[in-house]
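Here is a quick walk through one chain, written for someone who would rather look at contacts than read a table. Have the viewer open while you go.

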Amino acid sequence: MSVEHFHGLCHRHMGRAVEIRTHDGRIHRGIIHRVSNDRVFLQPIGRPRNLGGFGYGGWGWGWGWGAGIALGFIASLAVLSLFFW
């Protein structure tokens, strides 16, 4: 599938919980926060485990923005239901 396909798919599902599988087999779960021309930015779902303290920084816990994934690296995208978390 093309980058344009995943760009449109991510843009249509902005604000929804998704699972993104990349070509190297990594799985990223989160809420689509933003979509640029070449990346999709996910806000992680849930709480971090064993990190302690409060998070205000750039990785996504607290007030951060989450992880950016290159659109060309996405192998599949699945919309998740938050009721099963």
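The notes below start with the overall layout and confidence, then move to the strands, the helix, the core and one pair of neighbouring residues.

## Layout and confidence

First things first: this is a predicted model. The chain has 1 helix and 5 strands, and if you read along the sequence they come in the order α-β-β-β-β-β. Of the 85 residues, 29% are buried. The accessible surface adds up to about 6,000 Å², with carbon and sulfur atoms making up 54% of that. As for how the chain connects to itself, take the contacts with a separation of 6 or more: 52% of them link residues 24 or more positions apart.

How far can you trust it? The mean pLDDT is 77, and 71% of the residues reach 70 or more. Among the elements, β1 has the highest mean pLDDT, at 92, while β4 (residues 67-70) has the lowest, at 82. The stretch to watch is residues 50-64, where the pLDDT is below 50. That stretch still has 21 contacts in the model beyond near neighbours in sequence. Where pLDDT is low, the predicted coordinates should not be read in detail.

## How the strands pair

Start with β1, which has two pairing partners here. It runs antiparallel to β2, with 5 bridges between them, and it also pairs with β5 in the antiparallel sense, again over 5 bridges. On the β2 side, E19 has R29 as its bridge partner, and V18 has G30. On the β5 side, R21 stands opposite S76. β1 is also mostly covered, with 5 of its 6 residues buried.

β2 then carries on to β3: these two are antiparallel as well, joined by 5 bridges. One of the matched pairs is R34 with F41 in β3. Both turns around β2 are hairpins. The one between β1 and β2 has 4 residues between the strands, and G25 there takes a positive phi near 95°. The one from β2 to β3 goes through 3 residues.

## The helix and its two sides

Which residues of α1 are buried? They are F6, L9 and C10. Looking down the helix axis, the buried residues of α1 fall within an arc of 95°, so they line one face of the helix. The face turned away from that buried side carries the exposed residues E4 and R12. As for what sits over the buried residues of α1, the cover includes β2, β3 and β5.

## The nonpolar core

In soluble globular proteins, nonpolar side chains tend to be buried together. Here the largest nonpolar core has 13 residues, and C10, I20, I32, V40, I74 and L77 are the ones touching the most other members. At least two residues of this core come from each of α1 (3-12), β1 (17-22), β2, β3 (39-44) and β5 (74-79). The largest share, 3 residues, is supplied by α1.

I32 is a handy place to zoom in, being among the core residues that touch the most other members. Leaving aside neighbours within four places in sequence, I32 is in contact with C10, H13, M14, G15, R16, V18, V40, F41 and L42.

## Next door: I31

Is I31 buried, exposed or partly exposed? This residue of strand β2 (residues 27-35) has a relative accessibility of 24%, and because buried means under 20% and exposed means over 50%, I31 counts as partly exposed. In a regular strand the side chains alternate between the two faces of the sheet.

Not counting residues up to four places away in sequence, I31 touches G15, R16, A17, F41, L42, Q43 and I45. Compare that with the list for I32: G15, R16, F41 and L42 appear in both. One more distance to check in your viewer: the C-alpha atoms of I31 and P44 are 6.4 Å apart, although the two residues are 13 positions apart along the chain.

Definitions and conventions:
Residues are numbered from 1 along each chain as its sequence is written. This is a predicted model: local features need pLDDT of at least 70, side-chain atom pairs count only at pLDDT 80 or more; totals for chains, interfaces and linings use all residues. Side-chain values use heavy atoms; hydrogens and water are left out. Buried means under 20% relative accessible area, exposed over 50%, partly exposed in between (1.4 Å probe, protein chains only). Contact means heavy atoms within 4.5 Å. Accessible areas come from the Shrake-Rupley method with a 1.4 Å probe; for residues, only the protein chains shown count as cover. A nonpolar core is a set of buried Ala, Val, Leu, Ile, Met, Phe, Trp, Tyr and Cys residues joined through side-chain atoms within 4.5 Å. The arc is that of the directions from the helix axis to the C-beta atoms. pLDDT is the predictor's confidence in each residue, from 0 to 100. Two strands pair if DSSP finds at least two bridges between them.
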